[in-house]
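Colleague: Could you take me through a close look at one part of this model, and then set that part beside a few other local features? I would like a connected account rather than a list.

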Amino acid sequence: GLRALESRNAPDRLTAPLIRTGARGSGDFRPASWDEALDLAARRLQSVLAQHGAEAVLNQGGAGACSGALHRTNALTARFLNLLGPVTRLVGSYSAGAANFALPYVFGSAQAGMDARTLLQSRFVLLWGFNAADTRFGNETEAVLERLRAAGVPIVVLDPRRTRTAQVHGTEWIPIRPDTDTAAMLAVLHELLVCGLVDRGFLQRCTHGFDQLERHVLGGDDGIPKTAAWAEPITGIPAATLCDLAGRY
């Protein structure tokens with residue numbers, strides 16, 4: 001809601017439905033009345049139902065940020081489409097699918113989060129793909145990052161884009177080729193392993209399967225050690241930068 005007023009008053013805000021007049025992707029649209037737009041949507045939906053049945057309709061509506069009783073878009077969309085018959089629905093989450101899978105393994109429950117103030121205890125902060133300035137889940141994070149930066153704590157932002165977070169809060173930005181984060185993480189872990197910087201006691205007490213991960217990182221299963229030099233051409237991050245990052249981390 002922090003940008004709601006800007007959106008409401010934006011000069012290019014859509015104030016009427018638009019109907020495409022040209023080929024898909026052409027960008028050619030004309031304004032239409034709500035009655036015309038709703039009639040068109042109803043006709044298209046009825047046509048799909050008549051030709052292919054309800055299963056041809058995919059329920060992909062709803063935003064996780066709208067949870068009110070009146071404007072809970074995911075629940076309202078489901079209630080409407082389910083009246084048409086057994087429509088197709090998504091399994092998992094387009095938004096937090098990876099987090100929902102990993103959280104129970106890391107914290108024992110999917111209902112887990114963090115208190116931004118715990119960052120104040122940090123001597124080094126690594127924001128890996130986290131854009132606090134633009135993606136707000138709680139309003140304290142930026143204030144905490146400001147305090148840390150003012151106190152001289154290194155804040156490294158690892159992200160393909162030089163986001164507002166990198167510009168305003170980061171003390172260092174490390175760009176990475178999109179979709180290569182796992183390779184960078186494996187290289188960091190390789191450096192920690194060969195330098196003897198992992199906490200073996202913690203791993204023994206609190207993790208399961210690390211021996212298999214270690215074998216993979218060191219190349220025991222495929223003959224390819226996941227070194228920083230191995231990761232450099234994949235991620236676009238210089239090997240020296242990855243080694244330095246691992247050491248500081």
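Modeller: A residue counts as buried when its relative accessible area is under 20%, and as exposed when that area is over 50%. The model is a predicted one, and the part I would begin with is N59, which has its place in strand β3 (residues 58-59). Because its relative accessibility is 12%, N59 counts as buried. Leaving aside residues up to four places away in sequence, N59 touches T77, A78, L81, V87, T88, R89 and L90.

Burial also follows a pattern along strand β5 (residues 125-128), where the side chains alternate: V125 and L127 point to one face and are buried, whereas L126 and W128 point to the other face and are not. Strand β5 runs parallel to strand β6 (residues 155-158), and four bridges join the two; within this pairing, V125 stands opposite I155 of β6.

Turning to the aromatic rings, the structure holds one aromatic pair. The rings of F101 and Y105 have centres 5.5 Å apart and planes at 40 degrees, so this pair is tilted. Both F101 and Y105 lie in helix α4 (residues 97-107), where they are four residues apart, about one turn of the helix. F101 is exposed, with a relative accessible area of 58%, and Y105 is exposed as well, at 67%. A ring also takes part in another arrangement, in which the charged end of K226 sits over the ring of W230, 5.9 Å from the centre of that ring.

How values were computed. Residues are numbered from 1 along each chain as its sequence is written. This is a predicted model: local features need pLDDT of at least 70, side-chain atom pairs count only at pLDDT 80 or more; totals for chains, interfaces and linings use all residues. Side-chain values use heavy atoms; hydrogens and water are left out. Rings of Phe, Tyr and Trp (its six-membered ring) pair if their centres lie within 6.5 Å; planes under 30 degrees apart count as stacked, over 60 as edge-to-face and the rest as tilted. Buried means under 20% relative accessible area, exposed over 50%, partly exposed in between (1.4 Å probe, protein chains only). A charge sits over a ring if NZ of Lys or CZ of Arg is within 6 Å of the ring centre and within 35 degrees of the ring normal. Contact means heavy atoms within 4.5 Å. Two strands pair if DSSP finds at least two bridges between them.
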